[in-house]
Amino acid sequence: MTAMRRALEFLFTRALRSRLGVAVVIAVLVFGVIGAARLASGPMDPADGLSSRPDRPITTVDPTAGDDGVTSTEAPPSPVTRPGARTPEQTAGQFASAWLGRPGMTAEQWQAGLRPLSTPALTEKLAGAEPGGVPAEEVTGPASLRSRTDTFVEVLLPLDTGRLRLELVVADEGWLVDVVDWERQ
């Protein structure tokens, strides 16, 4: 009896008052609750999974409505050009020539050459630019056209030191350059 009394006394005065003792008691309680819950719930079928699982896949689109993906299998529409107006390729070629400039050209002359071929937004962005900052000297090959819509195209022009990428949009005046991007090769 004295051995049992000493064991209980040690348990309540020392072991349960330490951090390790508290952690052991909490672990025993947690495992006891989990074990009791499993015994009370009965045998489980592991294939049951979710209790409210649907019997067929959930679809968020009508499968008969066609392809709603980003990539289209249709050919992009051809650019719309009015009779007698410049084509996107012609506008891009004229813009590239004006953008490349010529030796001795002032900033005002350069801006005046770009203005009729540019949107007002691009003209404003190029307001402080100088022709000396153009990183190329000549066009080295034909323009390649990527039609995005019938009123928006992307034109790539190979230059001696890189590639000029122009985005053109249709305005009342015809095709105008809206974005200029130069890529070094």
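Reading from the N terminus, the elements of the chain follow the order α-α-α-α-α-β-β-β-β. That makes five helices and four strands, where helices (H or I, at least four residues) and strands (E, at least two) are DSSP runs numbered from the N terminus. Please keep in mind that this is a predicted model, in which local features need pLDDT of at least 70 and side-chain atom pairs count only at pLDDT 80 or more, while totals for chains, interfaces and linings use all residues. Residues are numbered from 1 along each chain as its sequence is written, and side-chain values use heavy atoms, with hydrogens and water left out.

**The chain as a whole**

Of the 185 residues in the chain, 22% are buried. Here buried means under 20% relative accessible area, exposed means over 50%, and partly exposed lies in between (1.4 Å probe, protein chains only). The accessible surface comes to about 13700 Å², and 58% of this belongs to carbon and sulfur atoms; such areas come from the Shrake-Rupley method with a 1.4 Å probe, and for residues only the protein chains shown count as cover. Contacts (heavy atoms within 4.5 Å) tell us about the fold too: among those between residues at least 6 apart in sequence, 42% join residues at least 24 apart.

**The nonpolar core**

A nonpolar core is a set of buried Ala, Val, Leu, Ile, Met, Phe, Trp, Tyr and Cys residues joined through side-chain atoms within 4.5 Å. The largest one has 24 residues, and F95, W99 and L166 have the most contacts inside it. Two or more residues are given to this core by each of helix 3 (88–100), helix 4 (107–114), strand 2 (152–159), strand 3 (162–171) and strand 4. Helix 3 provides the largest share, six residues.

Let us look at F95 and one of its partners. Leaving out residues up to four places away in sequence, F95 touches L114, L117, S118, L122, L166, V177 and V180. V180 sits in strand 4 (residues 174–184). Although 85 residues separate V180 from F95 in sequence, their C-alpha atoms are 9.9 Å apart in space. With the same four-place limit, V180 touches F95, W99, L122, L164, R165 and L166. V180 is classed as partly exposed because its relative accessible area is 24%.

Helix 4 also holds Q111. Q111 counts as buried because its relative accessible area is 9%. Apart from neighbours within four places in sequence, Q111 is in contact with T123, L126, A127 and A129.

**Charged pairs**

A salt bridge is a side-chain nitrogen of Lys or Arg within 4 Å of a carboxyl oxygen of Asp or Glu, and by this rule the count comes to six. Three of them are shown here.

| Salt bridge | N to O distance |
|---|---|
| E154 and R146 | 3.2 Å |
| E154 and R165 | 3.0 Å |
| R163 and E183 | 2.7 Å |

The pair R163 and E183 ties together parts that are 20 residues apart in sequence, because R163 lies in strand 3 and E183 in strand 4. R163 is partly exposed at 29% relative accessibility, and E183 is partly exposed as well, at 27%.

E154 appears twice in the table, and E154 is buried, with a relative accessible area of 7%. Its link with R165 joins distant parts of the chain: E154 is in strand 2 and R165 in strand 3, 11 residues apart. R165 is buried, with a relative accessible area of 16%, whereas R146 is partly exposed at 37%.

Which residues are linked in a network of salt bridges? They are R146, R148, E154, R165, E167 and D181. E167 lies in strand 3, and a polar contact of 2.6 Å joins its side chain to that of R165. A polar contact is a pair of N or O atoms within 3.5 Å; within protein, one must be able to donate a hydrogen and the other to accept it, and residues adjacent in sequence count only if both atoms are side-chain atoms. Beyond residues up to four places away in sequence, E167 touches F152, V153, L176, V177, D178 and V179.

**On the surface**

F31 is found in helix 2 (residues 19–41) and counts as exposed because its relative accessibility is 63%. Together with V22, I26, V30 and I34, F31 makes a nonpolar surface patch of about 470 Å². Patches are made of residues with over 30% relative accessible area and no salt bridge, with like charges joined within 9 Å and nonpolar side chains (Val, Leu, Ile, Met, Phe, Trp, Tyr) within 5 Å.
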